[in-house]
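Please walk through the following structure, beginning with its surface and then turning to its strands, helices and charged pairs. Each part is best read with the model in view.

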Amino acid sequence: MKMMNVVGDLSYMDNVIIDILRLKSVNIINSQLEIDSNAFAFNLESEENIEKTIELNYVSPFEKDSSKELIVKRARELMNFFSFKSIEDKYIGDLKENFDFDKFYNDLKVKIDRLDYINKEIKKTEGIESNYDLFRNVEIDLSDLANLKYFTARFGILDKEARFRFKKNYGNILAMIYHTATIENNEVYLAIYPNEVSNEIDRVLKSLNWIDVDILGKNKGTAEDILGGLSKEKEALLKEKKEIEDYRDSLINEKEDELKKILARMLLNEKIEEVKKSMARSNKFFYLSGWIAVSDIDDMKKVLMEYDDLSLDFRTPEEMKITPPTKLKNRNFFKPFELLINMYGTPNYKELDPTVFLGLTYMVLFGAMFGDLGQGAIFFLGGLILSKKGNDGFGALLRCLGLSSMVFGVLYGSVFGSEEILPAVWMRPFENINQVLGISVGFGVLLLVIAYVLGFVNKIRNNEVEEAVFGKDGIAGFLIFLSMINIGLNLVAKKGLLPNSVAGIIILISLVLMIFKRPLYQKLSKQKISYPNNDKGGYYIEGSFSLLETLISILSNIISFIRVGAFAINHVGLFLAFQTLGEMIGNSAGNFIVLLVGNIIIIGLEGLIVFIQSLRLEYYELFSKYFTGDGYKFEPAKVKLKEN
């Protein structure tokens, strides 16, 4: 990873930003910080560099360009008109200079506004039609009803319940009521009453939840006549709408690539403005800084050196004395496990990427605890469904776990909890409890050995030699770990490589080395002996108490892996419990339902518990030995052109 600093003329700044976005290889950072640290220093032998150096006196941040917001807004309006949901990356760039976006938009704006107006008018006409259609059989000029001098006429709708209440009160209402139509569960009426009783009739109708249909006074003629006129208006609107849509479709058919290039360039203004927030400018030049992988530098040079008078400089993290971001590079199979890594933390720049190790061990741990061919297949199918619905990260992770569960299901001879369908290729956990628990601890010891080795490598890479040699997770702690394993083997099977007395001496020496690690390391590296905060007593007291924590921690790490075997046994036991309940019901249908519910509970509840327990073993037993996760992620600037 290197820091890239770019200085160029403001006239082509937008194109430079677009090229950087297209390559998706630069993590943009605040260029003002680089300027303040004198990163933009130029060789003054060149006249051009003298000007760039002088311009550094006039550096300021970019101000927000409101005109770019308008362009983006117009682009989205055009995308909606053309029904483009997204624009592929291949359309970014390759647009001729000085393209007149205003003319392009204004030429289409007339069509857009007219189409919008037509759609609103059609919707409005259809609403009016639906009202008049209710009174198609009323052969009265509706304008005459609207112009009554001493009477009020109202069309309205009542629901089924209100209709019965209305009928019961016909004799008490001083009004002429006409039933005109039935629509679904509602009835349509015409009410005519004297103006003097308007308040009383209004009160009665409101109590019945009367819904007015406002059609009077708008048009002349009967409802049938008016509907005929509306039909002609709608037909004319639909014809004009089709003409506009045909024009739009012909544009898409003939110039789709060109249209998408124009829209891509318009939409890019939003991302350009976002990038400019991290940039700086002077009167003539722009300043851009960002991290880039060494493998991407040649491609970046090839693209950016096409610009006249552009300065491009690369510096190593060692020169700058800062820690760069971490860019994880894993094959597609292990990519999903980066999700679990990032939940804990991002590896720092000098740490080994733990993704592959975590991916392999996590699959083995999960599969060993949840080994079942049928239930694993459910997880696998669930992962496929999640991936198809857009959650490809967790979907792929679920597929990997399902695959591991299926493999161990074959080894255990387990299908949806039943051990009567398949023979066990390896063993049946419930019939070999001691062996399963022993293998679990043995496998845990192997993983812890690898974790100690990885931790030692990481500490050396981070120049933490003191911790690598004398720390609880370094060589001293590793010797204690091996000695405790040796003592355990002697006590359980009398197969330790060393007598317990020798192992005890190694533990004692290692503990002493851990207490005196600071002065020992400083003495060996010929440094002056010093203590944190000059508190010698506090340092040794704290170190003494940490010894007990180290011993308990190492013992806890080893024993924790018993849970792998315990859950493998528990998985079978839980199914046997449901199987017993099913047999107690006494009929095949009831037995099937219990087993089905049991499998659902096992997949949902136990699957979640095993997922968490596997994660706990990774995070607390293994990561604590070799992974700090105190880095920050490499996030390249890129653009995805989608309609918001």
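A residue is called buried when its relative accessible area is under 20%, exposed when that area is over 50%, and partly exposed in between. The model shown here is a predicted one. By the cut-offs just given, Ile601 counts as partly exposed because its relative accessibility is 35%. This residue is located in helix 23, which spans residues 588–626. Ile601 also belongs to a nonpolar patch on the surface, together with Phe592, Ile593, Leu596, Val597, Ile600, Leu605 and Ile609. The accessible area of the patch as a whole is about 730 Å².

The strands may be considered next. Strands of a sheet pair through backbone hydrogen bonds, and the pairing may be parallel or antiparallel. Strand 1 covers residues 2–9, and six of its eight residues are buried, so this strand is largely enclosed by the rest of the structure. Strand 1 runs antiparallel to strand 10, and eight bridges join the two. Strand 1 also pairs with strand 11 (residues 311–315), again in the antiparallel sense, over five bridges. Met3 illustrates both pairings: this residue stands opposite Trp291 in strand 10, and its bridge partner in strand 11 is Arg315.

Elsewhere, four strands form an open sheet in the order 6-7-5-8, with antiparallel pairing. Strand 6 (176–183) and strand 8 (211–212) are at the edges of this sheet and have a single partner strand each, so one side of each is left without a neighbour in the sheet. The partner of strand 8 is strand 5 (residues 151–159), to which two bridges join it in an antiparallel arrangement. Within this pairing, Gly156 has Asp212 of strand 8 as its bridge partner.

Helix 8 shows how the residues of one helix can be divided between two sides. Ile201, Val204 and Leu205 are buried in this helix. When helix 8 is viewed down its axis, its buried residues fall within an arc of 95°, so they line one face of the helix. The face turned away from that buried side carries Asn199, Arg203 and Lys206, which are exposed.

Helix 8 also contains a charged pair. Side chains of opposite charge can pair when their charged atoms come close. Glu200 forms a salt bridge with Arg203, and their closest N and O atoms are 2.4 Å apart. Both residues lie in helix 8 (residues 198–207) and are three residues apart, about one turn of the helix. Glu200 counts as partly exposed because its relative accessibility is 41%.

How many salt bridges does a search of the whole structure find? The search yields 31. One of them joins the side chains of Lys327 and Asp296, at 3.3 Å from N to O. Lys327 lies in the loop between helix 11 (317–320) and helix 12 (338–344), while Asp296 lies in the loop between strand 10 (285–292) and helix 10 (297–304), so the pair ties together parts that are 31 residues apart in sequence. Lys327 is partly exposed because its relative accessibility is 30%, whereas Asp296 is buried, with a relative accessible area of 17%.

Another salt bridge is formed by Arg518 and Glu466, whose closest N and O atoms are 3.5 Å apart. This pair links distant parts of the chain: Arg518 belongs to helix 20 (residues 517–524) and Glu466 to helix 17 (residues 465–470), 52 residues away. Glu466 is buried because its relative accessible area is 14%. Salt bridges also link Asp14, Asp65, Lys68, Arg265, Glu273 and Lys276 in a network.

Two loop residues deserve attention for their backbone angles. Ser83 is not a glycine, yet its phi is positive, at about 60°. Ser83 is placed in the loop between helix 4 (66–82) and strand 4 (86–87). Lys321, likewise a residue other than glycine, has a positive phi near 60°. Lys321 is found in the loop between helix 11 and helix 12, and this residue counts as exposed because its relative accessible area is 75%.

Finally, a database annotation can be set beside the model. An unreviewed UniProt entry places the feature "coiled-coil region" at residues 230–257. Over residues 230–257, the chain in the model is 100% helix and 0% strand, and the end C-alpha atoms are 41 Å apart.

Key. Residues numbered from 1 in each chain as written. Predicted model: local features only at pLDDT ≥ 70, side-chain atom pairs only at ≥ 80, totals over all residues. Heavy atoms only, no water. Salt bridge = Lys/Arg side-chain N within 4 Å of Asp/Glu carboxyl O. Buried < 20%, exposed > 50% of the residue type's maximum accessible area, 1.4 Å probe, protein only. Patch = residues over 30% accessible without salt bridge, like charges linked within 9 Å, V, L, I, M, F, W, Y side chains within 5 Å. Areas by Shrake-Rupley, 256 points an atom, 1.4 Å probe, with all protein chains shown as cover. Pairing = 2+ DSSP bridges. UniProt positions renumbered as here; feature names shortened; annotations may be inferred. Arc of directions from axis to C-beta.
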